[in-house]
Structure formats: structure tokens, C-alpha cells
Amino acid sequence: MVNKNIIKIRKKLDLLDNIFLNLIKKRTKLVDEVLKNKRFKKDIVDQKRIKLIIKNIKNKSKKKGIDPKITTAIWKSMIRAYINYEYRKFRKK
């Protein structure tokens with residue numbers, strides 16, 4: 001049987017997940033705007049930008065007391081997902 005405390009905490013996690021989904025929707029709209037301005041498929045991946053984003057996420061995580069291994073793994077995964085998304089969308093332009 002699941003502890004009542006765990007159930008309460010999981011409800012809070014579910015609420016946070018909904019907030020994340022709304023943020024992902026907003027982020028996707030911005031990615032769509034960026035994609036409209038990319039003329040060539042080779043413009044989709046910008047290694048300099050990716051390195052800068054990861055570096056900034058690591059630094060901000062440390063300052064906020066968040067394990068940077070968690071946040072960098074999340075951001076790397078998100079970046080990969082959006083690169084795949086951009087390639088799928090680019091073909092349809």
C-alpha cells in the first residue's frame with residue numbers, strides 16, 4: 001500500500017508536470033518561429049549555441065543548488081528532441 005504522504009507529493013508532481021507541458025508548448029512555438037528563419041537544413045544544428053546553452057545551464061544549476069548532472073541531462077535530451085522535431089518540420093516547409 002502506498003503511503004498517504006507519497007500520494008500527496010505525487011499530486012504536486014502531477015501539477016508541476018502540467019506546468020512543464022505548458023512551458024514546452026510555449027517553447028515549441030518559439031522553436032517554430034526560429035525554424036521559419038532557417039533557410040537550409042544545415043542551419044538546424046548549431047554546435048556553438050548548444051555548447052553555450054549547456055554551459056549556462058550548468059552554471060545556473062550550481063548557483064541555484066540543483067545537481068547540474070540532472071539539468072544537463074534534461075537539456076541535452078530536450079535539445080535532441082527539438083533537433084529531431086526541426087528536421088521533421090523542415091521537410092514539410
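Axes here are lines fitted to C-alpha atoms, for helices over the stretch in contact, and angles run from 0 to 180 degrees between N-to-C directions. Helices are DSSP runs (H or I, at least four residues), numbered from the N terminus. The model is predicted, so local features need pLDDT of at least 70 and side-chain atom pairs count only at pLDDT 80 or more, while totals for chains, interfaces and linings use all residues. Residues are numbered from 1 along each chain as its sequence is written, and side-chain values use heavy atoms, with hydrogens and water left out.

**Exercise 1.** Work out how helix 2 and helix 3 are oriented to each other, and which residues meet.

*Solution.*
- Step 1: take helix 2 (residues 47-64) and helix 3 (residues 68-91); they pack at about 150 degrees, with axes 9 Å apart.
- Step 2: angles over 145 degrees count as roughly antiparallel, so helix 2 and helix 3 get that label.
- Step 3: the crossing of helix 2 and helix 3 is right-handed (the near helix is turned clockwise from the far one by less than a right angle).
- Step 4: list contacts (heavy atoms within 4.5 Å). Helix 2 brings residues including Ile 50, Ile 53, Ile 54 and Ile 57, and helix 3 answers with, among them, Trp 75, Ile 79 and Ile 83.
- Step 5: zoom in on Ile 57; leaving aside neighbours within four places in sequence, Ile 57 touches Thr 71, Thr 72 and Trp 75.

**Exercise 2.** Find the residues of the largest nonpolar core and the element that gives the largest share.

*Solution.*
- Step 1: a nonpolar core is a set of buried Ala, Val, Leu, Ile, Met, Phe, Trp, Tyr and Cys residues joined through side-chain atoms within 4.5 Å. Buried means under 20% relative accessible area, exposed over 50%, partly exposed in between (1.4 Å probe, protein chains only).
- Step 2: the largest such core has 9 residues: Leu 35, Ile 44, Ile 50, Ile 53, Ile 54, Ile 57, Ile 79, Ile 83 and Phe 90.
- Step 3: helix 2 and helix 3 are the elements that give two or more residues to this core, and helix 2 has the largest share, 4 residues.

**Exercise 3.** Classify the packing of helix 1 against helix 3, then check Ile 19 for exposure.

*Solution.*
- Step 1: the axes of helix 1 (residues 4-36) and helix 3 come within 11 Å and cross at roughly 50 degrees.
- Step 2: under 35 degrees is roughly parallel, 65 to 115 roughly perpendicular, and what fits no class is oblique; helix 1 and helix 3 are therefore oblique.
- Step 3: Ile 19 lies in helix 1, and its relative accessible area of 47% makes it partly exposed.
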